[in-house]
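Subject: Structure handover

Hello,

Here is the structure we talked about. Please open it alongside this message; my notes follow below.

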Amino acid sequence: MTTYAVVGRPVTRQEGPDKVSGTFLYAADVALPGMLWGKVLRSPFPHARIVNIDATRALGLAGVRAVITGKDTAGMRVGRMVRDVPLLAEDTVRFVGEKVAAVAAVDPDTAEEALTRIDVEYEPLPAIFDPLEAMEPGATLVHEGSPIFASASGPIQPHGNILNHATWSAGDLAQGFRESDLIFEHTFTTTWVHQGYMEPYACVVALDAAGRMQVWANNKVPYTLRKQLADALGFSEDQIVVNPCGIGGDFGGKSPAMNVPLAYFLSLRSGRPVKMIMSYTEELMAGNPRHPAVVTIKTGVKSDGTFWARHSTVVYNGGAYSGFRGRPGLAGSRDAAGGQYHIPHVQVDSYMVYTNNVPCGSYRAPGQPQVVFAVESHTDMIAHEMGMDPYALRLRNVLQDGQVCATGGRYKHVRGEATLRAAVEAANWGAPKSGPYVGRGISLGQRPQGQSVYSVTVSMDEHARATFYTLVPETGTGAHTVGRQVVAEDLGIPVEDVTAVQLDTDGGPTDAGAGSGSTPHLAGELFNTMAGVQMVHIPYRGSGPAMIGLLAGDAPVMFIPAINAGPHIAAGKVRALGVTSRERLAAFPDLPTLAESGLAGYESSQWYGFLAPAGTPRELLDFLNGHAVKIMHAPDMKARMTHDGLVAIGSSREEFAAHIRAEGEKWARITRASGASVD
């Protein structure tokens, strides 16, 4: 078992002192010169036609700088995947709390007063709240006229109130039920659950001198937010910068754009930065809570308790809009089949239904807690009706290595049985309870690790202090702290000498942000990035022919100007292999030449310091030098380049040379096509 000196040990969080002292910067703390306060007027009706909006009295209030309505944002739709959410209601409101108008004023009280002076005339319409009723033919439509919504996966058109119907199946369901000795069927319901984060949604928006939109928002997926804004407003993404700031709790809920588009329009109209903070009343009225669900499970069982067939129907109450979710449906509904158990014949039907309720969003494993509650309750009820021990029933059906789970996956190194056995041992299952008011139960679940794309860069200064640059927000889970520990572990330096820096959206091409159980991959990427590093970063401040080869374990030989590397050699931080010239090395007379160190078979570039096989044309070295960033980012290279120096990270020397040869072949094709000479 691997032991670590830093990873897994308790350390002080980098942001900890600032948080406990009240100096940590959250979105609500951002203060810009001339900043105004924005507030939103919301609908009191679940479904109504907007007959008229008159903002004259609000505009006449001293201190009010801007008022906008649906006429100012007409046709614009926002959403994480499905773009069906109007920035402001245009002719219809579809849930209590929908945004109808927004104001910007010199202080929060004036903005609140202005909302009371906006006169709105409504014509109430029939509303529908139950998702099962909403699926019936002839039900009141939440979105009339069979609209087609844009989405990241292409146009989406609801069928009545049903936005999405997904089906997963395996085996032969009818045959499975025919072969079953007993059949059990139960229906379960769950309700809305707000994520309960302490910090409500907040944002600040300003336009800079170049006309770019500068955003500070407690949003855990900055690049997704940037795309939502660009798609809704018709901008290119490079016109928007999402700046880092603290997030005071997330639990899956801090992904939608919320009030950021309105803050932009208020800032544009007023010519001033605008801050908007939702109240807790607004959060509970118009946040994006967990979806209510109706889950019906029908299971065929053999007389010995073996699960043989299962049909699950899951109906999610999506609320009035879909744009707060990351997809049209919820993949977590697949677990209604009971993915932790081996069932030969299964089918899951999952529905996402529009209703005149608050739009729902993500909350820790979207869609899965609802169905796991149903599956495990159903399992207990089967055990009770069959007179079996709930633990024994689960043990009989738990998925084993090599078996296909009920959701279609084939897993290796499954630990379901071991987990069950450990749980019953820890709980003293079967022993008398310790008192009359003590309950004891058992359940089993599974969740695959999320997969995402992350960008991480690590550098080190001349004092051996490391910095890792990340685009992933710290939502309170400790991702930045774990990253610091990984870097410290691999470099063999104290964690106090590692600093985490979150960049804005100009800091890298893309990043998945925090969520979907995928943040742990950030630590994995750091492990990969840091593999084999001995000396991470030496600033580049000069040139010259005298170069020093650095060896990091089995990493390829990398070159940098000797004038920069000298102090690190003297300090014992760098292992020197050889030099190309004796120039400028009077302080290190014992360093061998490349030939003396056995590296005579390589040529080096003079600038960024990588190697190529001996005999490589100087033109090719110059070409490679000009494309150094591209080469250093190649997957098989595992290397990084900064603007002022080289991060040397190691695949083998042979892989490195092979990559250079491959680049050389491409270069040769390019030069031959242009008529230039390779030699």
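The sulfur of C203 has its closest cysteine sulfur in C245, 9.8 Å away, which is too far for a bond. A disulfide would need the two sulfur atoms within 2.5 Å. From the other side, C245 is in no disulfide either, and its nearest cysteine sulfur is that of C203. C203 counts as buried because its relative accessibility is 2%. C245 is buried too, with a relative accessible area of 11%. The disulfide count for the structure is zero. Keep in mind that this is a predicted model.

Helix α9

This helix turns up several times below. α9 covers residues 368–386, which makes 19 residues. At 1.5 Å a residue it should span 27 Å, and its end C-alpha atoms are indeed 27 Å apart. Its buried residues are Q368, Q370, V371, A374, V375, E376, S377, H378, T379, I382, A383 and M386. What lies over them? The cover includes three strands, β12 (182–190), β17 (293–301) and β18 (307–319). It also includes helix α10 (390–397). Just after α9, G387 takes a positive phi of about 70°.

Two side-chain links also involve α9. The first is a salt bridge between R394 and D380, at 2.9 Å from N to O. R394 lies in helix α10 and D380 in helix α9, so the pair ties together parts that are 14 residues apart in sequence. Are the two partners buried or exposed? R394 is buried, with a relative accessible area of 0%. D380 is partly exposed, at 30%.

The second is an aromatic pair. F188 and F373 meet edge-to-face, 6.0 Å centre to centre, with 80° between the planes. F188 sits in strand β12 and F373 in helix α9, so this pair ties together parts that are 185 residues apart in sequence. F188 is buried, with a relative accessible area of 9%. F373 is partly exposed, with 40%.

Other salt bridges

How many salt bridges does the structure hold? The count is 19. Side chains of opposite charge can pair when their charged atoms come close. Two more of these pairs deserve a line each.

E144 and R49 meet through their side chains at 4.0 Å, N to O. E144 lies in the loop between α4 (131–134) and β10 (150–151), and R49 lies in strand β2 (residues 48–54), so the pair ties together parts that are 95 residues apart in sequence. E144 counts as partly exposed, at 49% relative accessibility. R49 is also partly exposed, at 27%.

E417 forms a salt bridge with R421, and their closest N and O atoms are 3.0 Å apart. Both are in helix α11 (residues 416–426). They are four residues apart there, which means a separation of about one helical turn. An α-helix has 3.6 residues a turn, so residues three or four places apart point the same way. E417 is partly exposed, with 26% relative accessibility. R421 is partly exposed as well, with a relative accessible area of 41%.

There is also a network: salt bridges that share partners join R13, E15 and K19.

Other aromatic contacts

A search of the whole structure finds eight aromatic pairs. Beyond the one on α9, look at Y264 and F265. Their ring centres are 5.2 Å apart and their planes are at 70°, so the pair is edge-to-face; the class needs an angle over 60 degrees. Y264 and F265 are both buried. Together with F235, they form one aromatic cluster.

Charges over rings

Which lysines lie over rings? K19 is one of them: its charged end sits over the ring of F24, 5.3 Å from the centre. K19 is also part of the salt-bridge network with R13 and E15. K298 is another, lying over the face of F177 at 4.7 Å from the ring centre.

Best wishes

Methods. Residues are numbered from 1 along each chain as its sequence is written. Side-chain values use heavy atoms; hydrogens and water are left out. The expected span of a helix is 1.5 Å times one less than its number of residues. Buried means under 20% relative accessible area, exposed over 50%, partly exposed in between (1.4 Å probe, protein chains only). Contact means heavy atoms within 4.5 Å. Rings of Phe, Tyr and Trp (its six-membered ring) pair if their centres lie within 6.5 Å; planes under 30 degrees apart count as stacked, over 60 as edge-to-face and the rest as tilted. A charge sits over a ring if NZ of Lys or CZ of Arg is within 6 Å of the ring centre and within 35 degrees of the ring normal.
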